[in-house]
Amino acid sequence: MRRGEFGLKYQPVISLRRSKCVGIEAVLCWDNLEFGLLGAAHCMNHLERSKVTGPLTRFMLATAASEVATLNAAKSLYIAVKVSAAHMAADNFVSEVKDSAKGLLPRLVLEVTQSDCADVTSRVLESLEALRKDGVRFALAGAGLGSINFRLLRNFDFDLIKMDRQVLTLDSDERVSRLATMADVAHDVGAVLVADGVESAAHHEALRASRTDFGQGFFYSRVLTIARLEAFLESGGPSRLAGGIHRKRDSERGGSRRPRSLIKTSNSQGRGSNLT
């Protein structure tokens with residue numbers, strides 16, 4: 001960090017219904033000859049087990065807040081940043097998020113993986129509630145491959161559920177089954193379902209058929225520098241590509257279909273969602 005080796009890139013998140021960019025995920029990049037050049041998965045395997053997760057999260061939040069604030073085209077987008085369970089359980093978690101992400105809180109989504117979710121303690125739940133009062137939302141990532149942890153969903157009241165990117169690599173029948181199950185679960189708890197790893201038109205169509213809400217992956221856009229993200233947004237993002245696919249499919253079916261609302265605006269507790 002002292003040598004300035006860390007930086008951020010961003011991957012757009014696309015609404016399947018609107019064919020429009022609705023959010024971006026901040027991705028940590030490490031410009032290091034030993035670890036960084038081997039890719040994010042390799043370096044994060046080391047970083048997530050270290051004691052620097054707190055400082056790195058603060059760096060990501062502050063950098064995202066600074067860089068995204070300069071983009072007029074990104075003012076309506078949510079910004080997802082991954083956090084660790086250890087950081088969520090820290091006494092100073094709320095203050096560090098608020099101090100680091102000034103100006104970003106109403107659009108901030110903090111993402112925690114299913115395999116690394118903090119224990120459900122009163123302190124953690126109080127921290128989540130305190131941040132929610134400032135508009136911060138929470139996402140559960142890495143879901144869909146194993147059994148669904150309904151206790152986790154109930155206790156954390158996630159605003160988004162992000163499927164593990166491996167779901168889309170399953171064989172056709174298993175993939176359809178998992179997508180349908182995850183869509184039902186997410187919508188039943190009032191959450192938005194996000195699919196990661198969308199790499200083809202076939203993936204895109206499978207998500208639309210399963211009522212998945214949002215998607216991200218190389219089919220829409222690779223991970224971008226802030227300058228390239230600005231160009232991507234100003235050009236209209238993937239709207240022409242995805243919109244063309246929709247029109248072609250509708251034409252083949254003999255006419256356009258009426259779009260239907262996919263995202264519930266509130267859950268059983270009355271918590272609203274403006275992610276759409």
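**View 1. Both faces of strand β4 are buried in this predicted model.** Leu108, Leu110 and Val112 point one way from β4. Val109, Glu111 and Thr113 point the other way. In a regular strand, side chains alternate between the two faces of the sheet. β4 spans residues 108-113, and six of its six residues are buried. The buried set includes Glu111 and Thr113.

**View 2. Strand β4 pairs with β3 and with β5.** β3 covers residues 78-82 and runs parallel to β4, joined by four bridges. Within this pairing, isoleucine 79 has leucine 108 of β4 as its bridge partner. β5 covers residues 137-143 and also runs parallel to β4, here with five bridges. Threonine 113 stands opposite alanine 141 of β5.

**View 3. A β-α-β unit links β4 to β5 through helix α5.** The helix takes in residues 122-132. The unit is right-handed.

**View 4. Leucine 110 has contacts far along the chain from its own strand neighbours.** Neighbours within four places in sequence are left aside here. Among the remaining contacts are Leu61, Val81, Val83, Phe93 and Val97. Leu131, Val136, Phe138 and Ala139 also touch leucine 110. One contact is with a charged residue type, Arg137.**View 5. The largest nonpolar core holds 71 residues.** Tyr10, Met88, Leu108, Leu110 and Phe158 have the most contacts inside this core. Helix α2, residues 53-68, supplies the largest share, six residues. A second, separate core has ten residues. Val13, Val109, Leu160 and Phe214 are included in this second core. Leu108 and Leu110 point one way from β4, and Val109 points the other way.

**View 6. Glutamate 205 is buried in helix α8.** The helix spans residues 201-209. The relative accessible area of glutamate 205 is 14%, so this residue falls under the 20% cut-off for buried. Leucine 16 lies 189 residues away along the chain from glutamate 205, yet their C-alpha atoms are separated by 9.1 Å.

**View 7. Cysteine 29 and cysteine 117 differ in burial class.** Cysteine 29 has a relative accessible area of 25% and is partly exposed. Cysteine 117, at 15%, counts as buried. The boundary for buried is under 20%, so cysteine 117 passes and cysteine 29 does not. The disulfide count is zero.

Notes:
Residues are numbered from 1 along each chain as its sequence is written. This is a predicted model: local features need pLDDT of at least 70, side-chain atom pairs count only at pLDDT 80 or more; totals for chains, interfaces and linings use all residues. Side-chain values use heavy atoms; hydrogens and water are left out. A nonpolar core is a set of buried Ala, Val, Leu, Ile, Met, Phe, Trp, Tyr and Cys residues joined through side-chain atoms within 4.5 Å. Buried means under 20% relative accessible area, exposed over 50%, partly exposed in between (1.4 Å probe, protein chains only). Helices (H or I, at least four residues) and strands (E, at least two) are DSSP runs, numbered from the N terminus. Contact means heavy atoms within 4.5 Å. A disulfide is a pair of cysteine sulfur atoms within 2.5 Å. Two strands pair if DSSP finds at least two bridges between them. A crossover is right-handed if, with the strands pointing away from the viewer, the path from the first strand over the helix to the second runs clockwise.
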